[in-house]
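Hi everyone, thanks for coming. I'd like to walk you through a structure today, and please have it open in front of you while I talk.

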Amino acid sequence: KQHRVEIKPLHKPKPTAAEEYERQYREQVGIGGANIRAFNMRNEELDEVKELQSHLEVMKVKAQIDKGVELKNRRREEIEAYERAKEREMELVRQRGLRQDAEKAAEARAAAKVAQQALLEQLDHRRQLQ
């Protein structure tokens with residue numbers, strides 16, 4: 001009687017970044033010294049590229065922040081200008097109202113003076129009749 005044996009394929013785990021680096025380095029070292037120097041130079045260039053990319057990303061972020069600050073300042077200035085215009089308009093309305101009130105008061109005084117003059121004339125007329 002034979003037992004069935006399940007054969008499972010061997011799965012190689014995916015190498016980590018450090019293991020991949022070591023493998024590439026060993027390949028380069030095995031070939032010769034000139035390749036080691038080239039490998040090191042390539043890694044330095046890659047580091048420089050990564051550094052430049054990070055600087056570029058920082059510059060992009062700063063530009064976006066500056067745009068946001070500029071937009072915020074522009075909006076604040078627009079709101080302040082709108083408020084100043086409204087305040088000027090309200091001041092004009094207030095002054096117009098004060099002028100109208102003064103004109104009404106002057107008209108009322110003139111009407112009162114006319115009425116007073118009419119009463120005085122009536123009194124004089126009555127005195128002359130008596």
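I'll start with the whole chain, then go to the surface patches, and finish with the salt bridges.

One thing to keep in mind from the beginning: this is a predicted model.

So, the overall picture. The protein chain has 2 helices and 0 strands. How much of the chain counts as buried? Of its 130 residues, just 2% do. The chain exposes about 13,000 Å², and 56% of that area is supplied by carbon and sulfur atoms.

Now please find helix α2, which covers residues 33-129. Everything else I'll show you involves residues of this chain, and we'll come back to helix α2 several times.

Let's look at the patches. On the surface, Glu-44, Glu-45, Asp-47, Glu-48 and Glu-51 gather in a patch of negative charge. Take Glu-44 as our example: this residue sits in helix α2. Is Glu-44 buried or exposed? Its relative accessible area is 54%, and anything over 50% is called exposed, so Glu-44 is exposed.

There is also a nonpolar patch on the surface, formed by Val-61, Ile-65 and Val-69. Together these three residues have about 240 Å² of accessible area. Val-69 belongs to helix α2 as well. With a relative accessibility of 42%, Val-69 falls between the 20% and 50% limits, so the label here is partly exposed.

Next, the salt bridges. Here is the basic idea: side chains of opposite charge can pair when their charged atoms come close. How many salt bridges does a search of the whole structure find? The count is 5, and I'd like to show you some examples.

Start with Arg-76 and Glu-80. Their side chains meet in a salt bridge, at 3.8 Å from N to O. Both residues lie in helix α2, and they are 4 residues apart, about one turn of the helix. Arg-76 is partly exposed at 42% relative accessibility, and Glu-80 is partly exposed too, at 35%.

Moving along, Glu-91 and Arg-94 form a salt bridge whose closest N and O atoms are 2.6 Å apart. Why are these two separated by about one helical turn? Because they are 3 residues apart in helix α2. Both count as partly exposed: Arg-94 has a relative accessible area of 45%, while Glu-91 comes in at 32%.

My last example is Asp-124 with Arg-127. This is a salt bridge as well, with the closest N and O atoms 4.0 Å apart. Again, the two partners lie in helix α2, 3 residues apart, about one turn of the helix. Asp-124 is partly exposed at 41%, whereas Arg-127, at 59% relative accessibility, counts as exposed.

To wrap up, we have a chain with 2 helices and 0 strands, a negative patch that includes Glu-44, a nonpolar patch that includes Val-69, and 5 salt bridges in the whole structure. Thanks for listening, and I'm happy to go back to any of these spots with you!

Technical notes
Residues are numbered from 1 along each chain as its sequence is written. This is a predicted model: local features need pLDDT of at least 70, side-chain atom pairs count only at pLDDT 80 or more; totals for chains, interfaces and linings use all residues. Side-chain values use heavy atoms; hydrogens and water are left out. Patches are made of residues with over 30% relative accessible area and no salt bridge: like charges are joined within 9 Å, nonpolar side chains (Val, Leu, Ile, Met, Phe, Trp, Tyr) within 5 Å. Accessible areas come from the Shrake-Rupley method with a 1.4 Å probe; for residues, only the protein chains shown count as cover. Buried means under 20% relative accessible area, exposed over 50%, partly exposed in between (1.4 Å probe, protein chains only). Lys and Arg count as positive and Asp and Glu as negative; His and the chain ends are not counted. The place of a charge is taken as NZ of Lys, CZ of Arg, CG of Asp or CD of Glu.
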